[in-house]
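This note is intended for a colleague who is meeting the structure for the first time. The points below may be read alongside the sequence and the coordinates.

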Amino acid sequence: MDRADLRYAAYARERLAAMPPPADAEAFALAYNLLQLAYLLVTDLETRIHRPRGWTLPGFRLMFKLWLLGPTRPVRLAEISSMSRSAVTNAVNTLERDGLVERRPDPDDGRAVTVGLTPAGESAVREVFTEQTRREREWFSPLAPGERGELTGLLDRILEGRPGDVP
């Protein structure tokens, strides 16, 4: 199958390889491929799985975290989701409106609230998790299990070593 995006990436990498520093064809290719993969994966998951339910991928990610963690303060959800507090608040407002999450008083701090899944939210997350897992397997099927683990480890290293000014 002809993939115009891959042809462009190869062309750009070749052009950059012929340029003097600071051009870095390898860094370009890595960043381009990661960004392209992320864009295509997010678009695919949102289009096939989340948008038909009126959700967004970030909304699902919050519900998935709540499914694993249980009731959690919004500030913690923002920290572990790489989302701003206002983005978390907006997503929680939408999910609460749809009956999928609810705000509850924090038992450890009467001034704070936690967010937790409703029974309908938990049921929805379980259903969507199954569908998303199936689709993720399709995306990563070109890799052998060992390669999947190796790629995950490499990405973990990049995330751990990211520039210090990136949260």
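1. In helix α6, R126 and E122 are four residues apart, which means that about one helical turn separates them. Their side chains meet in a salt bridge, with an N to O distance of 2.9 Å. R126 is partly exposed, at 43% relative accessibility, and E122 is also partly exposed, with a relative accessible area of 31%. Please bear in mind that the model is predicted, and that every value in this note is computed from it.

2. Some salt bridges have partners in common. Through such shared partners, D44, R48, R134, R135 and E138 are joined into one network. The total number of salt bridges in the model comes to 17. As general background, side chains of opposite charge can pair when their charged atoms come close.

3. Which parts of the chain does the salt bridge between D109 and R73 link? D109 belongs to strand β2 (residues 109–117), whereas R73 lies in the loop between α3 and α4 (74–81). The two are 36 residues apart, and the pair links distant parts of the chain. The closest N and O atoms of D109 and R73 are 3.8 Å apart. D109 has a relative accessible area of 17%, so it is buried, the limit being under 20%. R73, at 32% relative accessibility, counts as partly exposed.

4. A further salt bridge is formed by E96 and R103, whose closest N and O atoms are 2.3 Å apart. E96 counts as partly exposed at 32% relative accessibility. R103 likewise counts as partly exposed, at 32%.

5. The aromatic residues deserve separate attention. Seven aromatic pairs are counted. One of them joins W55 and F60, with 6.3 Å from centre to centre and 15° between the planes. This pair is classed as stacked because its angle falls under 30 degrees. Both W55 and F60 are buried.

6. F60 also pairs with F64, at 6.0 Å centre to centre and with 35° between the planes, and this pair is tilted. F60 and F64 are four residues apart in helix α3, so about one helical turn separates them. Are these two residues buried or partly exposed? F60 counts as buried, at 4% relative accessibility, while F64 is partly exposed, with a relative accessible area of 23%. Together with W55, W67 and F129, the residues F60 and F64 form one aromatic cluster.

7. W55 appears again in the largest nonpolar core, which has 23 residues. The residues with the most contacts inside this core are W55, M63, V88 and V101. Elements that give two or more residues to the core are α2, α3, α4, α5 (85–97), β2 and α6. Of these, α3 gives the most, with five residues.

8. The largest pocket holds about 1500 Å³ of space. Its lining comprises 34 residues, and the closest to the pocket centre are L37, A38, L41, F140 and L155. Two or more lining residues come from each of α2 (25–50), α3 (57–69), α6 (119–140) and α7 (145–160). Which element gives the most to this lining? It is α2, with 11 residues. By class, the lining of the largest pocket has 23 nonpolar, four polar and seven charged residues.

9. The second largest pocket has a volume of about 290 Å³. R3, D5, L6, Y32, N33, Q36, L37, L40 and W139 form its lining. At least two of the lining residues come from α1 (4–17), and at least two from α2. Here α2 gives the most, with five residues. The lining of the second largest pocket divides into five nonpolar, two polar and two charged residues.

10. A final remark concerns L37, which may be followed across both pockets. L37 is among the residues closest to the centre of the largest pocket, and L37 is also one of the residues that line the second largest pocket. Helix α2 gives the most to the lining of the largest pocket, and α2 gives the most to the lining of the second largest pocket as well.

Definitions and conventions. Residues numbered from 1 in each chain as written. Predicted model: local features only at pLDDT ≥ 70, side-chain atom pairs only at ≥ 80, totals over all residues. Heavy atoms only, no water. 1 Å grid on protein atoms, 1.4 Å probe; cavity = no way out; pocket = protein on both sides within 12 Å on 5 of 7 lines; lining within 4 Å. Points joined across faces, edges and corners; volume = space filled by probe spheres on them. Nonpolar A, V, L, I, M, F, W, Y, C, P; charged D, E, K, R; others polar. Salt bridge = Lys/Arg side-chain N within 4 Å of Asp/Glu carboxyl O. Buried < 20%, exposed > 50% of the residue type's maximum accessible area, 1.4 Å probe, protein only. Phe/Tyr/Trp six-rings, centres within 6.5 Å; stacked < 30°, edge-to-face > 60°. Core = buried A, V, L, I, M, F, W, Y, C linked by side-chain atoms within 4.5 Å.
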